[in-house]
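Trainee: I am new to this structure. Could you show me how to read it, feature by feature?
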Amino acid sequence: MGSSAKRKKEKKKDFQKPKLKVGKAKPKADNFTDTSFKAKSIVVKEQSIHTAAPTVTAQFTHQLGLLTHKSDTQRRESLSYLTNAVSSARAQNAPLPQPVSVIIPKVLSLIYDTSTGVRQQLLKLLQSLPPADVRPHVEELLRRTRAGMTSLSTDICTTSFDVLDWLLQTHPLETVSCAGGWVHTLKCFMSVLGWKDPRAAAGTQKWTTSSAAATTSSHSNAEKLKKLRHHQLVSLAAFIRAGVSEDAEAAERARRELQSAARRWFPLHQAHFHMLPNQSPNGFAHLNLFGAPKDEDGQMYTDRQGRQQVFARLIQAAVVAGLQNAKKEGGQIGRAAAEVEKVVQESMSDYDGGDW
């Protein structure tokens, strides 16, 4: 029998109906599975079935872990859940599901996330946190914010300045007095604004500022750059005001309180001069006894006079020259530059170590 005839015969078997005989069982199929057994229990490996719902703390921790998810939508939804959980806990005067010391390190890298929705939701989460619990983390927040301020992305820069504005509203003194908070941040402002000390820039190539770069870009991008530049000037005014401006009402109120205490508690009314500063948990942090050596930019300037001195020596000339050019642009940028100039003049009016 040839091979072709054999194949034809095998194909015919598929269409032939078998003859069933009385008393003979039907043949079982090739894929037959015996299900006649009985079991008292079924055990599924590596799976846990809980009858109770997970606790709020467990859900909160799970959402914190999802902040590194590759999906932008998942990160945004996790931040939204965290924001609602924190707001609900504060509204009920209850403790947070996780302390701020656990939340802050998880969200720091999202300051310069590529998704605009994620960054906006992050800002809402930061604003919902208790300000008192955020105070020990101001230095790290400011360090990450400076990294975002110098980003090449306009949107990331805008969000970073929003975070800086939030820090200046909630913790102005800690922002300007932490390690590197004053000089590093001011130099970061000078870098993003394209301002430079005219004495140091003499004989060198002129810098290209963001406004000059805006003229060579598209119209939509130029508008975004102008809004960013206006935001930068507004934030600079707030930062200088927090660092070297003197509140006349607060100074007068402090003077009256000091006189009243001198009459009531003499000679103990000056005891606070002999106490450790309460600006941070570490009262000797400004001495940097056990840390790595820091340069002038990374020092802590805890008093207004020290910040005035370093501002006049390192930054003031660049600010004056930059403001003169910014005021010539007019519009919102010109008005913002005039406001910065007013803040600088008022803040440095009582400084006798240099001329304005």
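Trainee: Let me start with a loop. Where does Asn93 lie?

Mentor: This is a predicted model, so keep that in mind throughout. Asn93 sits in the loop that links helix H3 (72–91) and helix H4 (100–107).

Trainee: Is Asn93 buried or exposed?

Mentor: Exposed means over 50% relative accessible area. Asn93 has 72% relative accessibility, so it counts as exposed. Look at its backbone too. Asn93 is not a glycine, yet its phi is positive, at about 55°.

Trainee: How many helices and strands are there in the protein?

Mentor: The protein has 16 helices and 0 strands. Of its 356 residues, 35% are buried. Now take contacts between residues at least 6 apart in sequence. Of these, 74% join residues at least 24 apart.

Trainee: How do I read confidence? Where is it lowest, and where is it highest?

Mentor: Where pLDDT is low, the predicted coordinates should not be read in detail. Here, helix H12 (residues 210–214) has the lowest confidence, with a mean of 45. Helix H5 (residues 116–128) has the highest, at 95. Residues 207–216 have a pLDDT below 50. That stretch still has 13 contacts in the model beyond near neighbours in sequence. For the whole protein, the mean pLDDT is 83, and 81% of residues reach 70 or more.

Trainee: Next, a polar side chain. Which helix holds Gln63?

Mentor: Gln63 is in helix H2 (residues 56–65). Buried means under 20% relative accessible area. Gln63 has 16%, so it is buried. Who touches it? Leave aside neighbours within four places in sequence, and Gln63 contacts Gln74, Ser78, Tyr81 and Leu82.

Trainee: And His231? What does its side chain make a polar contact with?

Mentor: Find His231 in helix H13 (residues 219–244) first. Its relative accessible area is 15%, so His231 is buried under the same kind of cut-off, under 20%. The His231 side chain makes a polar contact of 2.8 Å with the side chain of Asp165. Beyond residues up to four places away in sequence, His231 touches Thr158, Phe161, Asp162 and Asp165.

Trainee: What about cysteines? How many disulfides does the structure hold?

Mentor: A disulfide is a covalent bond between the sulfur atoms of two cysteines. This structure holds 0 disulfides.

Trainee: Why is there no bond between Cys157 and Cys188?

Mentor: Check the distance. The closest cysteine sulfur to that of Cys157 belongs to Cys188, and it is 8.7 Å away, so it is too far for a bond. Cys157 is buried, with 5% relative accessible area. Cys188 is buried as well, at 7%.

Trainee: Last, the core. Which residues have the most contacts inside the largest nonpolar core?

Mentor: The largest nonpolar core has 67 residues. Those with the most contacts inside it are Trp182, Trp195, Leu236, Ile240 and Phe311.

Trainee: Where does this core lie relative to domain 1 and domain 2?

Mentor: Ask which domains give residues to it. Domain 1 (56–135) and domain 2 (138–199 + 220–273 + 282–355) both do, so the core lies between them.

Trainee: Which residues does Leu236 touch?

Mentor: Not counting residues up to four places away in sequence, Leu236 touches Leu186, Phe189, Met190, Leu193, Trp195 and Val340. Trp195 is also listed among the core residues with the most contacts.

Technical notes. Residues are numbered from 1 along each chain as its sequence is written. This is a predicted model: local features need pLDDT of at least 70, side-chain atom pairs count only at pLDDT 80 or more; totals for chains, interfaces and linings use all residues. Side-chain values use heavy atoms; hydrogens and water are left out. pLDDT is the predictor's confidence in each residue, from 0 to 100. Helices (H or I, at least four residues) and strands (E, at least two) are DSSP runs, numbered from the N terminus. Contact means heavy atoms within 4.5 Å. Buried means under 20% relative accessible area, exposed over 50%, partly exposed in between (1.4 Å probe, protein chains only). A polar contact is a pair of N or O atoms within 3.5 Å; within protein, one must be able to donate a hydrogen and the other to accept it, and residues adjacent in sequence count only if both atoms are side-chain atoms. A disulfide is a pair of cysteine sulfur atoms within 2.5 Å. A nonpolar core is a set of buried Ala, Val, Leu, Ile, Met, Phe, Trp, Tyr and Cys residues joined through side-chain atoms within 4.5 Å. Domain bounds come from an automatic or database domain assignment.
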